[in-house]
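Work through the exercises below with the model open beside you. Try each task before reading its solution.

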Amino acid sequence: MLRISTLISLACTLLLASCNQDAKNAGTQGTSLTVNSLEPLTYTIYTENVELFVEFRPLIIGEKIKFAAHYTLLGETFKPLENGSLTVSLLSGSNGIKATADSLSSPGIFQLSLQPKYQDTSTLVFELKTKDFSDRIVIRDLPIYESIVQASKAGGAHSHASDIIYLKEQSWNTEFATVEVKQQNFNGVIRTSGQFINAPSDEYVITATSSGILRLSFPALVGSQVNAGQQLFTVSSKDLTQNNLNSQIAAARNSANNAKNNYDRAKLAIQDKLISENDFQKSKLDYENAQTLYNQLSNNQSGSGKGISASKSGYIKSLLVSDGAYVQEGTPLATITNSKNVILQANLYQSDLVKAKEIVGANFKIAGEDKVYSTSELAGRVISIGKVVADKAPFVPVLIQINNVGNIYPGAFADVYLITSSQSPSTVIPKTALIEEQGNYYVYIQLTGESFEKRKVVLGESDGKQVSVTAGIQNGERVVSKGGYQIKLMTASGAMPAHGHEH
């Protein structure tokens, strides 16, 4: 009887265990739930040096979870990390596991995996080491689930159909960058036009040093480069009956020789006290004056005439005489400029004259170029603001002297944004972030590392480089500052990559 009771008890125990196992598996039986079927978690975190965009499935005890960590180097344009090692640590209370990738699996991407062992709230730590810098990023309060069923019930962030997917591998191959939207003081702006003129200190006129027939010493053209000491002209008077330099030189040479002979005799006579000190000093002065005149006339003189050279390096701005023309001493021959400094002459219209005293600088865009320059970056300074409105032009000139960066040509025109000292708090983004469509403006907002949203914005003032936004974006969001048109072209072509891709 005892034996039968023991067998019945053992059977009940086995049946109960079987029921418990069936209850645990009830959630997955008849379904296709796997770790890879779960919605991935994505995090996008910025530091001073990099952007980390990481994708991984929910953390589940006993399941091997793969991590695709995308590292982007920040700068004028964003590019993939080219070298380094990455250690990822999963910390749960006093327990922890870690994995290390000693190198990138492909430019910008580390591939690692971790297998959680304990159910708890955890912390992920990403420790990057490169030859140039180290970085540490922490993601806190990550749950570790007991089972796939539990993780699936917890759910996760889902992408929206309207999200635009632009993969890291795509952005890394183009000129791409994002910036954080911030509120900052934005200076007042007066938009106008302007023109570059030569700075007076960088321009000089070459004049004839004698009278005669002018000959060009080389095929001089406007815009030709000249060096200091380079001979540009020759003036010859050998065939002239008047103002003949050769005759003047010969006469000056004879006078200098006679004066020297008189001076030599005077030096002997003064030793024997045969002449007075005054007579000696006069003979000395006569000799020095005669020698100076001869040196001046004969300087740069050759058989072909008197050479005239550039005193400083620069470019020929204008030729004022023609080859073969007769010139007199003092006649202007050419204007030379070195354009080391140029002056931006901006037009301040009457409606803006009340702001004239507030002007502190300018941004400008040279006609035919996309780049916007700032006078503050070119050692610019406001040197003059006109006081009188011209009769035929309803504006006064604002003159700002700047260092020439090498591609600013006097006479060129520019779009000008005069900057005033008045400021107001504004939400500001780079002007390059704007996408124009039929008179409306849009930006691309970064939602995650590889998903974006196209959003309409309302604009305020622009200084040529930045623009204030009055509606459509919020501080703390990130906008695409470079590469927006690439995203637009991709969406227009319909070539949209799938979201949640596996690397």
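Two residues are in contact when they have heavy atoms within 4.5 Å. The model is predicted: local features need pLDDT of at least 70, side-chain atom pairs count only at pLDDT 80 or more, and totals for chains, interfaces and linings use all residues. Residues are numbered from 1 along each chain as its sequence is written, and side-chain values use heavy atoms, with hydrogens and water left out.

**Exercise 1. Place Asn440 in its surroundings.**

Step 1. Find the element. Asn440 sits in strand S30. Helices (H or I, at least four residues) and strands (E, at least two) are DSSP runs, numbered from the N terminus.

Step 2. List the contacts. Skip neighbours within four places in sequence; Asn440 then touches Ile435 and Lys456.

Step 3. Check exposure. Buried means under 20% relative accessible area, exposed over 50%, and partly exposed in between (1.4 Å probe, protein chains only). Asn440 has a relative accessible area of 29%, so this residue is partly exposed.

Step 4. Compare sequence and space. Asn440 and Leu459 lie 19 residues apart in sequence, and their C-alpha atoms are 9.7 Å apart.

**Exercise 2. Which residues of helix H6 are buried, and which are exposed?**

Step 1. Pick out the buried set: Gly484, Ile487 and Met490.

Step 2. Look down the axis. The buried residues of H6 fall within an arc of 125°, so they line one face of the helix. The arc is taken from the directions from the helix axis to the C-beta atoms.

Step 3. Turn to the other side. Leu489, Ala492 and Ser493 are exposed there.

Step 4. Find the cover. Strand S30 (440-448), strand S31 (451-462) and helix H3 (168-171) are among the elements that cover the buried residues of H6.

**Exercise 3. Describe the largest pocket.**

Step 1. Fix the term. On a 1 Å grid over the protein atoms alone, a pocket is an open set of points where a 1.4 Å probe fits, with protein on both sides within 12 Å along at least five of seven lines; lining residues have an atom within 4 Å of a point.

Step 2. Give the volume. The largest pocket holds about 930 Å³ of space. Closest to its centre, out of 30 lining residues, are Pro430, Lys431, Thr432, Lys465 and Ser481.

Step 3. Name the suppliers. Helix H6 (484-493) and strand S33 (478-482) are among the elements that each supply at least two lining residues. S28 gives the most, with 5 residues.

Step 4. Sort by class. The lining has 9 nonpolar, 9 polar and 12 charged residues. Asp, Glu, Lys and Arg count as charged; Ala, Val, Leu, Ile, Met, Phe, Trp, Tyr, Cys and Pro as nonpolar; the others, Gly among them, as polar.

**Exercise 4. In what order do the strands run in the two open sheets?**

Step 1. Set the rule. Two strands pair if DSSP finds at least two bridges between them.

Step 2. Take the sheet of 5 strands. Its order is S3-S10-S9-S6-S7, with mixed pairing. Strands S3 (59-60) and S7 (95-101) are the edges, each pairing on one side only. S3 and S10 pair in the parallel sense over 2 bridges. Ile60 has Tyr145 of S10 as its bridge partner.

Step 3. Take the sheet of 4 strands. Its order is S14-S22-S20-S16, and the pairing is antiparallel. S14 (203-207) and S16 (225-226) are the edge strands. S20 and S22 are joined by 4 bridges. Ser318 has Thr335 of S22 as its bridge partner.

Note on methods: Grid points are joined across faces, edges and corners, and a volume is the space filled by probe spheres set on the points.
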